[in-house]
Amino acid sequence: MGADHVAINRDVWDADAKNWVAGGERLWRAREPVWGNWELAEASLNLLPADLAGKDAIELGCGTGYVAGWLARRGARVTAIDVSANQLATARRLAEEHGVQIRFIEGNAEDTGLPDAGFDFAISEYGAAIWCPPGKWLREAWRLLRPGGRLVFLGNHPMALICSPESGAPCEAVLHRPYRGMWGVDWTRVELDPSGICFNLTMAGWMDLFAGIGFRVRKYQELYAPESATGTRAFVPAEWAREYPVEQVWHLEKPA
Ligand SMILES: C[S@@+](CC[C@H](N)C(=O)[O-])C[C@H]1O[C@@H](n2cnc3c(N)ncnc32)[C@H](O)[C@@H]1O
């Protein structure tokens, strides 16, 4: 995959940003964080550290910025980077409306230009977590973290990608794509609802990469849709996501 994935994904998000405004407004109003496409409660998942007060935190690929908002409301000094100027315009407006201080940066989460070891906590929910090549953005996250710092990221489970038809139609309980050699999906090429280029790895691929960089895995979570879920979110029907893991969350640590 060439470096043009950054420009392709930026253009996709700049064009799509208007469709994320209402969702961003709703999640900025949420009192408690909810995660992923099925909006699972923080109380059941614990993605955020218990104590963020006075800590330096960064969101990598912040979109409309509600995750950054949750970090700031928990007392962190927050930086949030996104490659899409239009997504950032929504994020900046909502942060101001909610009276929340966040340093927003327009840029590439794979190469932020920020100094080494400036952060205690890094997070990505469907940002760099899926839109950037893991070997690039994870090395950047490692560089940004202080020793003892933590990284949490959430994105599609590889199983959701291999069960996704080549046409871009919703997931089925059928293996449509090879697992071996998985690098992600080029959604620009699908017939139905094309978007950008997203990245993922096999389980062994993720584990090898973490070990190669030096990250320690603290926890790994596989997420399902709730029993009450209906409809289709992103490219995944609720019936599928109740039976198969639709999303994954990695909790990593840069050892002290
Ligand atoms: C789905 S949003 C993630 C934000 C939010 N958590 C959410 O789920 O809506 C994906 C964001 O990733 C951003 N993104 C894609 N590639 C990026 C890159 N290379 N660097 C920084 N941000 C990127 C997009 O611009 C978009 O705003």
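1. A cavity, as the word is used here, is a set of grid points where a 1.4 Å probe fits but cannot get out, and its lining residues have an atom within 4 Å of a point. The structure under discussion is a predicted model.

2. Searching the whole structure for cavities of 30 Å³ or more gives one. The largest cavity holds about 30 Å³ of space. Its lining is made up of Ala-129, Ile-130, Phe-153, Leu-154, Gly-155, Asn-156, Phe-199, Asn-200, Trp-206 and Gln-248. Two or more of these residues come from each of helix H6 (128-131) and strand E7 (145-156). Which element gives the most to the lining? Strand E7 does, with four residues.

3. Strands E4 (residues 77-82) and E5 (residues 102-106) run parallel and are joined by five bridges. One position to look at is Val-78, which stands opposite Ile-102 in E5. Helix H5 (residues 85-97) belongs to the same arrangement: E4, H5 and E5 make a β-α-β unit, and this unit is right-handed.

4. Is helix H4 (residues 66-73) mostly covered or mostly uncovered? It is mostly covered, as seven of its eight residues are buried. These are Tyr-66, Val-67, Ala-68, Gly-69, Trp-70, Leu-71 and Ala-72. The cover over the buried residues of H4 includes the two strands of point 3, E4 and E5, together with helix H2 (21-29) and strands E1 (34-35), E3 (56-60) and E6 (119-125). Just after H4 comes Gly-75, which takes a positive phi of about 100°.

5. Asp-186 lies in strand E8 (residues 184-186). Why is Asp-186 called buried? Its relative accessible area is 15%, and buried means under 20%, so Asp-186 falls within the buried class.

6. The surroundings of Asp-186 can be listed briefly. Leaving out residues up to four places away in sequence, Asp-186 touches Gly-196 and Ile-197. Its side chain also makes polar contacts with two side chains: that of Thr-188 at 2.4 Å, and that of Arg-189 at 2.8 Å.

7. A last point concerns distance. How far apart in space are Asp-186 and Glu-96? From C-alpha to C-alpha they are 35 Å apart, and in sequence they are separated by 90 residues.

Notes. Residues are numbered from 1 along each chain as its sequence is written. This is a predicted model: local features need pLDDT of at least 70, side-chain atom pairs count only at pLDDT 80 or more; totals for chains, interfaces and linings use all residues. Side-chain values use heavy atoms; hydrogens and water are left out. Two strands pair if DSSP finds at least two bridges between them. A crossover is right-handed if, with the strands pointing away from the viewer, the path from the first strand over the helix to the second runs clockwise. Buried means under 20% relative accessible area, exposed over 50%, partly exposed in between (1.4 Å probe, protein chains only). Contact means heavy atoms within 4.5 Å. A polar contact is a pair of N or O atoms within 3.5 Å; within protein, one must be able to donate a hydrogen and the other to accept it, and residues adjacent in sequence count only if both atoms are side-chain atoms. On a 1 Å grid over the protein atoms alone, a cavity is a set of points where a 1.4 Å probe fits but cannot get out, and a pocket is an open set with protein on both sides within 12 Å along at least five of seven lines; lining residues have an atom within 4 Å of a point. Grid points are joined across faces, edges and corners, and a volume is the space filled by probe spheres set on the points.
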